[in-house]
Amino acid sequence: MRILPLITLTIAIAMPMGLAAQEQRGATTAREVLKAACERDARLIYRTGNTTAPDLREQMLAARKAYVRDCLVKGNAVSG
């Protein structure tokens with residue numbers, strides 16, 4: 001009979017800790033959100049496929065990195 005209140009108390013204590021962990025995991029900074037948006041845009045603009053030549057692929061990946069870098073600079077200038 002004493003085990004039931006103990007289980008109930010344990011669940012009541014553990015529930016908020018689990019919810020707090022979920023909230024912390026979902027918390028992102030504005031820079032992370034901006035970077036994710038810039039990377040998504042760069043992937044859509046500079047798409048590479050399996051049939052892309054290796055030298056062209058390297059150029060596109062370099063252009064993608066440059067795009068993300070410029071996008072982050074512009075985004076920081078607007079927000080900051």
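This tour moves through a predicted model, starting at one arginine and ending at a nonpolar core.

**Stop 1: R64.** Select helix α3, which spans residues 54-79, and locate R64 within this helix. R64 is buried but forms no salt bridge. To see what lies in the direction of opposite charge, select E39: this is the nearest side chain of that kind, and the separation is 9.2 Å. A salt bridge would require a side-chain nitrogen of Lys or Arg within 4 Å of a carboxyl oxygen of Asp or Glu.

Next, display the polar atoms around R64. Its side chain reaches the backbone oxygen of Y46 at 2.7 Å. Leaving aside residues up to four places away in sequence, R64 touches A42, R43, Y46, R47 and T48.

**Stop 2: Y46.** Follow that contact to Y46, located in the loop between α2 and α3. Is Y46 buried, exposed or partly exposed? Y46 is partly exposed, because its relative accessible area is 25%, and the partly exposed class lies between 20% and 50%. With residues up to four places away in sequence again excluded, Y46 touches M60, A63, R64 and Y67. Add L61 to the selection and place a distance between the two C-alpha atoms: Y46 and L61 are 7.6 Å apart in space, with their positions 15 residues apart in sequence.

**Stop 3: the core.** Select C38, A42, V68, C71 and L72, the five residues of the largest nonpolar core. Helices α2 (30-45) and α3 each contribute at least two of these residues; α3 gives the most, with three. Finally, centre on V68, which touches C38, E39 and A42, not counting residues up to four places away in sequence.

Key. Residues are numbered from 1 along each chain as its sequence is written. This is a predicted model: local features need pLDDT of at least 70, side-chain atom pairs count only at pLDDT 80 or more; totals for chains, interfaces and linings use all residues. Side-chain values use heavy atoms; hydrogens and water are left out. Helices (H or I, at least four residues) and strands (E, at least two) are DSSP runs, numbered from the N terminus. Buried means under 20% relative accessible area, exposed over 50%, partly exposed in between (1.4 Å probe, protein chains only). Lys and Arg count as positive and Asp and Glu as negative; His and the chain ends are not counted. A polar contact is a pair of N or O atoms within 3.5 Å; within protein, one must be able to donate a hydrogen and the other to accept it, and residues adjacent in sequence count only if both atoms are side-chain atoms. Contact means heavy atoms within 4.5 Å. A nonpolar core is a set of buried Ala, Val, Leu, Ile, Met, Phe, Trp, Tyr and Cys residues joined through side-chain atoms within 4.5 Å.
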